[in-house]
Amino acid sequence: MIPYSRVYAAVNLDAVVSNMEAMQSRLPSGTKMIGVVKTDGYGHGAVPVARAIDPYVSGYAVATVEEGVILRRHGIQKMILVLGVTHPGSYEELLRWQIRPTVFTLDQGETLSGLAVSRGVKAAVHLAVDTGMSRIGMRPDEAGADLALAISRLPGIEAEGLFTHFARADERDKESAREQLEQYTEFVRLLEDRGLYIPMKHCSNSAGIVEGLDSNQLDLVRAGISIYGLYPSDEVDTRKVALTPALELKSHVTYVKEIGGGTPVSYGGTFVADRNMLVATIPVGYGDGYPRNLSGRGSVLIHGRRAPILGRVCMDQFMVDVTHIPETREWDEATLIGRDGREMISVEEIASLSGGFHYELVCGLGKRIPRVYFRGGGAVGAKDYFNDIYEGFGYLQG
């Protein structure tokens, strides 16, 4: 019995494992994977996902130091890389928890070097090279190679990795990604000409893995959205790797009522019934990360049938038409994402209807939505924030 009657996200860890195995089958035996679990595992839960995929990865990637510390505090032992820029004020935490930062300027390297030497430790870093994303990273030229060499020679610094990020690998035309890979490969040659050999080299994101862009050349690939059973875009060749969506979003009907013709529904009366209708209320809204742009466009599944959304999605509720599903009763299950019988509502469908992006949708599912984890057909754990308290605010204590 799931203890959440309003809404919950069901995360299938068996699907997560299946996706890792499908990607692994595409890789040569010498190529390993980094599991990208930033943004709380793309909204699925970083810690349960990391534990599930641990046998399949050589390490993890996150966006912030704090995300890395959460993994460490939950017993994750393998390499953790912060893909973004880390403020120098957090370097102590990096060293304490043995989390790898991304480095691409001499100032970053020197500051980290000084702290590592003072602590008597080595700081393993991954150097970022910008081959076309124009986000972060050193230039892939002679000056960039000199900079990389200078950083690598700083005391207390170990240049463990070198990476770039494909900007357009999820497009049908792979020419841009190939050009980036060529720039990266040439940069590696410039480094090796200077005597700098970096043991961990990685470029491919999920699209690169699915399309097999560089897995036969480099040491690592970074699996991100594909871990969770979502393809990077509708332009990648989905026939190459079979992925299974890991997340479903479930709710329940809270109220069923009959309305007559001429009755408006929801804010603004943007929908007005043209006949007698049976209407059900679903207790979810944009306050949970369910897109308001699904107003009058989306649907949910009740008893295996689609129930269209009527009028505007509210912050906490919305209404659907169940006239054609007369057996609908209060507390019947409503599927907002996932499968019910033969019908399915995918994340991609919702993103398309709402004018959004499927990455954004799963990442944006809010803290009011508990995550329930399934393995072997049964629930094995859950995470919610319902017992959170504010600490350190004396005026809130009494």
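Which residue stands opposite A223 in strand 9? In this predicted model, the residue opposite A223 is G35, and that pair is a useful place to begin reading the structure. The points below follow the strands outward from there, and then turn to a buried aspartate and to the cysteines.

**Strand 9 and its partner**

- Strand 9 covers residues 220-223, and its side chains alternate in direction, with L220 and R222 pointing one way while V221 and A223 point the other way.
- Although these residues point in opposite directions, all of them are buried, and that includes the arginine R222 as well as A223.
- Strand 2, made of residues 32-36, pairs with strand 9 in the parallel sense, and four bridges connect the two.

**Strand 1 and its two partners**

- Strand 1 runs over residues 7-12 and is mostly covered, since five of its six residues are buried.
- Strand 1 pairs with strand 10, which spans residues 247-252, and this pairing is antiparallel, with five bridges.
- Within that pairing, A9 has L249 of strand 10 as its bridge partner.
- Strand 1 is also joined to strand 20, residues 371-375, but here the two strands run parallel and four bridges join them.
- In strand 20, the residue that stands opposite V11 is Y373.

**D130, a buried charged residue**

- D130 is found in the loop that lies between strand 6, residues 123-128, and helix 7, residues 142-152.
- D130 is buried and yet forms no salt bridge, because the nearest side chain of opposite charge, that of R139, is 6.2 Å away, whereas a salt bridge requires the charged atoms to be within 4 Å.
- The side chain of D130 does reach backbone atoms, for the backbone nitrogen of M133 is 3.1 Å from it.
- A polar atom of the D130 side chain also lies 3.0 Å from the backbone nitrogen of S134.
- When residues up to four places away in sequence are left out, D130 touches R135, I136, G137, M138, P140 and T164.

**Cysteines**

- The count of disulfides in this model comes to zero, where a disulfide would need a pair of cysteine sulfur atoms within 2.5 Å.
- C203 has a relative accessibility of 0%, so this cysteine counts as buried.
- C363, by contrast, has a relative accessible area of 29%, and is therefore partly exposed, because that class lies between the limit of under 20% for buried and the limit of over 50% for exposed.

Notes
Residues are numbered from 1 along each chain as its sequence is written. This is a predicted model: local features need pLDDT of at least 70, side-chain atom pairs count only at pLDDT 80 or more; totals for chains, interfaces and linings use all residues. Side-chain values use heavy atoms; hydrogens and water are left out. Buried means under 20% relative accessible area, exposed over 50%, partly exposed in between (1.4 Å probe, protein chains only). Two strands pair if DSSP finds at least two bridges between them. Lys and Arg count as positive and Asp and Glu as negative; His and the chain ends are not counted. A polar contact is a pair of N or O atoms within 3.5 Å; within protein, one must be able to donate a hydrogen and the other to accept it, and residues adjacent in sequence count only if both atoms are side-chain atoms. Contact means heavy atoms within 4.5 Å.
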